[in-house]
Amino acid sequence: MNVNPTKNEKHFSKDEFLVTKTDLKGRITYANKAFTNIVEMCEDELLNQPHNVIRHPDMPKIIFKLLWNYLQDKKEIHAYVKNLCADGSFYWVMANVTPSFYEGKVIGYHSVRRKPTESSMKIIAPLYQDLLRAEKQGGISASEKIVNELLISKGVEYDEFILSI
Ligand SMILES: Cc1cc2nc3c(=O)[nH]c(=O)nc-3n(C[C@H](O)[C@H](O)[C@H](O)COP(=O)(O)O)c2cc1C
């Protein structure tokens, strides 16, 4: 999105679910009202756009690498994501992203996002800052090393870690 990110954070209620569907390449094929409301774009503007249209520059690349690795293994993934709105604001979500199957074949993906808890954000926001800093200095292998060391120290897989916080 061609907009300068601001420090303005948007919030949504814990009863709201922000839903999108994509094709196999991650191009948006559906967005629900809660999603279009918060990004301030109508469904027509979003349809056929790559999902990185709402990518926020503060998001570490390693999180999307993990996301696509899980999806390519036909597995669902949970991830905390900071997203960009059309006016430059941002909002945090706890996203579940999963392959959509038809007759055993993956035909696309869908994501349901909910409001993250305050306690999880206290862990994720500083972690992502460390990951971003590492990526700026040493590329994605540097942030991958941080994630791997964290998971080894906790003795869990990535998705287990996300669901535990
Ligand atoms: C179903 C689905 C939902 C996604 N949701 C988001 C999202 O909310 N925000 C985001 O930045 N990327 C999302 N992505 C990941 C994007 O496709 C993309 O990998 C990411 O924005 C990084 O883009 P880049 O590699 O071009 O920098 C989603 C992908 C899929 C398949």
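**Exercise 1. The ligand shell**

Find which residues are closest to the ligand, and how the shell around the ligand divides by class.

*Solution.*
Step 1. The shell holds 17 residues around the ligand. A residue is near a molecule or strand if its C-beta atom, placed from the backbone, lies within 6 Å of it.
Step 2. The closest are G26, H51, N52, R55 and Y109.
Step 3. Sort the shell by class: eight residues are nonpolar, eight polar and one charged. Here Ala, Val, Leu, Ile, Met, Phe, Trp, Tyr, Cys and Pro count as nonpolar, Asp, Glu, Lys and Arg as charged, and the others, Gly among them, as polar.
Step 4. Look at the elements. At least two shell residues come from each of β1, α3, β3 (77-84), β4 (90-102) and β5 (105-114). The largest share, three residues, comes from β5. Helices (H or I, at least four residues) and strands (E, at least two) are DSSP runs, numbered from the N terminus.

Two notes on reading. This is a predicted model, where local features need pLDDT of at least 70, side-chain atom pairs count only at pLDDT 80 or more, and totals for chains, interfaces and linings use all residues. Residues are numbered from 1 along each chain as its sequence is written.

**Exercise 2. The sheet**

Work out in which order the five strands form the open sheet, and which strands are at the edges.

*Solution.*
Step 1. The order is β2-β1-β5-β4-β3, with antiparallel pairing. Two strands pair if DSSP finds at least two bridges between them.
Step 2. β2 and β3 are the edge strands, as each pairs on one side only.
Step 3. Direction ignored, neighbouring strands of this sheet are turned by 30° against each other on average.
Step 4. Add the helix. α3 packs on the sheet and touches β3, β4 and β5. The direction of α3 makes about 135° with that of β3. Axes are lines fitted to C-alpha atoms, for helices over the stretch in contact, and angles run from 0 to 180 degrees between N-to-C directions.
Step 5. Check two pairings. β1 (residues 18-22) meets β2 (residues 28-31) over three antiparallel bridges, and T20 has A31 in β2 as its bridge partner. β1 and β5 pair over five bridges, also antiparallel; T22 stands opposite Y109 in β5.
Step 6. Look at the turn. β1 and β2 form a hairpin with five residues between them. In that turn, G26 has a positive phi of about 85°.

**Exercise 3. Two helices**

Describe how the axes of α3 and α4 cross, and name the residues that make the contact.

*Solution.*
Step 1. The axes of α3 (61-72) and α4 (residues 118-154) come within 8 Å and cross at roughly 35°.
Step 2. α3 brings K61, I62 and K65 to the contact, while α4 brings L131, E135, I140, S143, E144 and V147. Two residues are in contact if their C-beta atoms, placed from the backbone, lie within 7 Å.
Step 3. Count by class: four nonpolar, one polar and four charged residues.

**Exercise 4. The core and M59**

Find which members of the largest nonpolar core touch the most others, then decide: is M59 buried or exposed?

*Solution.*
Step 1. The largest nonpolar core has 32 residues. Such a core is a set of buried Ala, Val, Leu, Ile, Met, Phe, Trp, Tyr and Cys residues joined through C-beta atoms within 7 Å.
Step 2. I38, A79, Y80, V81, V93, A95 and V97 touch the most other members.
Step 3. β4 gives the most to this core, with six residues.
Step 4. Take A95. Not counting residues up to four places away in sequence, A95 touches H78, A79, V81, S111 and R113.
Step 5. Now M59, in the loop between α2 and α3. M59 counts as buried because 21 C-beta neighbours lie inside 10 Å. The cut-offs are 20 or more other C-beta atoms within 10 Å for buried, 12 or fewer for exposed, and partly exposed in between, with C-beta atoms placed from the backbone.
Step 6. M59 touches V81 and K82, not counting residues up to four places away in sequence.

**Exercise 5. Positive phi**

Determine where E40 lies, and why E40 counts as exposed.

*Solution.*
Step 1. E40 lies in the loop between α1 (33-39) and α2 (43-46).
Step 2. E40 counts as exposed because it has 12 C-beta neighbours inside 10 Å.
Step 3. Phi of E40 is near 60°, a positive value in a residue other than glycine. Most residues other than glycine have a negative phi.
Step 4. Try N48, in the loop between α2 and α3. Its phi is positive, near 75°. N48 is exposed, with 10 other C-beta atoms within 10 Å.
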